[in-house]
Amino acid sequence: MSRTRARTGPATDRRTRRAERRAQADYTGGVYGSMLAASVVIGAGSLGSFPRIELVLLLLLTGVVFWIAHVHAQLFGARLAQEALDRRVVLHVCRDEWPIVKAAVPPAAAVAVSPLLGLDVRGALWLALSVAVAGQVGWSVAAAYRAGASPRLMAATASVNLLLGLLIISFKIVLKH
């Protein structure tokens, strides 16, 4: 005789809610955050005495500032007119916009580990830019996959985002700083 029971209770409910959130995940913030990180790298012309630390902080803090801006816009723009703000709504919006910050972490980590790879500051900038563009492509493909897109549409979104990334890289080449 089998004694298996269906799992129920708060832990199961939390797992179910998390699985539903993952299934409905919106990767827009990740794509946007990756483009933002790439833009920060190309805009980081003259860094001071500690260029790697400054670039890591610049990437992360810019991600946080834009995350705050997006949360604010969501809460006080569209949401305020539609529903009363409470803790649940605020946390939901904060969580939904968090990929903007998450997207800044890989390029910042690339800069942080660049000395271990023997890269000078210029090499670290190019590595961070490459990682940001790869993230942009990756987030867009993940979004297309999660939405059930065909392989052809996933390839198209990857191509468009790669072209956008190459456009950002061309700005870096033109700016020469």
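Which backbone oxygen does the side chain of Ser-114 reach? The side chain of Ser-114 reaches the backbone oxygen of Val-111, at 2.7 Å, and before we return to that corner of the chain it helps to look at the whole. The model is predicted, so that local features need a pLDDT of at least 70 and side-chain atom pairs count only at pLDDT 80 or more, while totals for chains, interfaces and linings use all residues. Residues are numbered from 1 along each chain as its sequence is written, and side-chain values use heavy atoms, with hydrogens and water left out.

The chain holds eight helices and zero strands, where helices (H or I, at least four residues) and strands (E, at least two) are DSSP runs numbered from the N terminus. Read from the N terminus on, the elements run α-α-α-α-α-α-α-α. Of the 177 residues in the chain, 33% are buried; here buried means under 20% relative accessible area, exposed means over 50%, and partly exposed lies in between, with a 1.4 Å probe and protein chains only. The accessible surface comes to about 11100 Å², and carbon and sulfur atoms account for 65% of that surface; such areas come from the Shrake-Rupley method with a 1.4 Å probe, and for residues only the protein chains shown count as cover. Among the contacts with a separation of 6 or more, 71% are between residues 24 or more positions apart, a contact being a case of heavy atoms within 4.5 Å.

We can now follow individual helices, beginning with H4. Helix H4 covers residues 87-97, and its buried residues are Val-89, Val-93, Cys-94 and Glu-97. They lie on the same side of H4, because they cover an arc of only 135 degrees around the axis, where the arc is that of the directions from the helix axis to the C-beta atoms. On the other side of H4, Arg-87 and Arg-88 are exposed. Val-93 counts as buried because its relative accessibility is 1%, and its C-alpha atom is separated by 10.0 Å from that of Ala-73, which is 20 residues away along the chain.

A similar reading can be made of helix H6, residues 105-113, whose buried residues are Pro-107, Ala-108, Ala-110 and Val-111. These residues cover an arc of only 155 degrees around the axis, and therefore they sit on the same side of H6. In the loop between H6 and helix H7 (121-146) we find Ser-114 again, and this residue counts as buried because its relative accessibility is 0%. Besides reaching the backbone oxygen of Val-111, the side chain of Ser-114 is joined to the side chain of Arg-52 by a polar contact of 2.8 Å. A polar contact is a pair of N or O atoms within 3.5 Å; within protein, one must be able to donate a hydrogen and the other to accept it, and residues adjacent in sequence count only if both atoms are side-chain atoms. If residues up to four places away in sequence are not counted, Ser-114 touches Arg-52, Leu-119 and Ala-124.

Helix H7 is the place of Ser-140, which is buried because its relative accessible area is 5%. The side chain of Ser-140 makes a polar contact of 3.2 Å with the side chain of Asn-161. Leaving aside neighbours within four places in sequence, Ser-140 is in contact with Val-31, Thr-157, Ala-158 and Asn-161.

What remains is helix H8, which covers residues 151-175 and includes Val-160. Is Lys-172 in this helix buried or exposed? Lys-172 belongs to H8 and counts as buried because its relative accessibility is 5%; from C-alpha to C-alpha, Lys-172 and Trp-126 are 9.1 Å apart in space, although 46 residues apart in sequence. Leu-166 also lies in H8, but this residue counts as partly exposed because its relative accessibility is 44%, and its C-alpha atom is separated by 9.5 Å from that of Ser-130, 36 residues apart along the chain. Val-160 is likewise partly exposed, because its relative accessibility is 47%. Together with Leu-164, Leu-167, Phe-171 and Leu-175, Val-160 forms a nonpolar patch on the surface, with about 420 Å² of accessible area in total.

Note on methods:
Patch = residues over 30% accessible without salt bridge, like charges linked within 9 Å, V, L, I, M, F, W, Y side chains within 5 Å. Salt bridge = Lys/Arg side-chain N within 4 Å of Asp/Glu carboxyl O.
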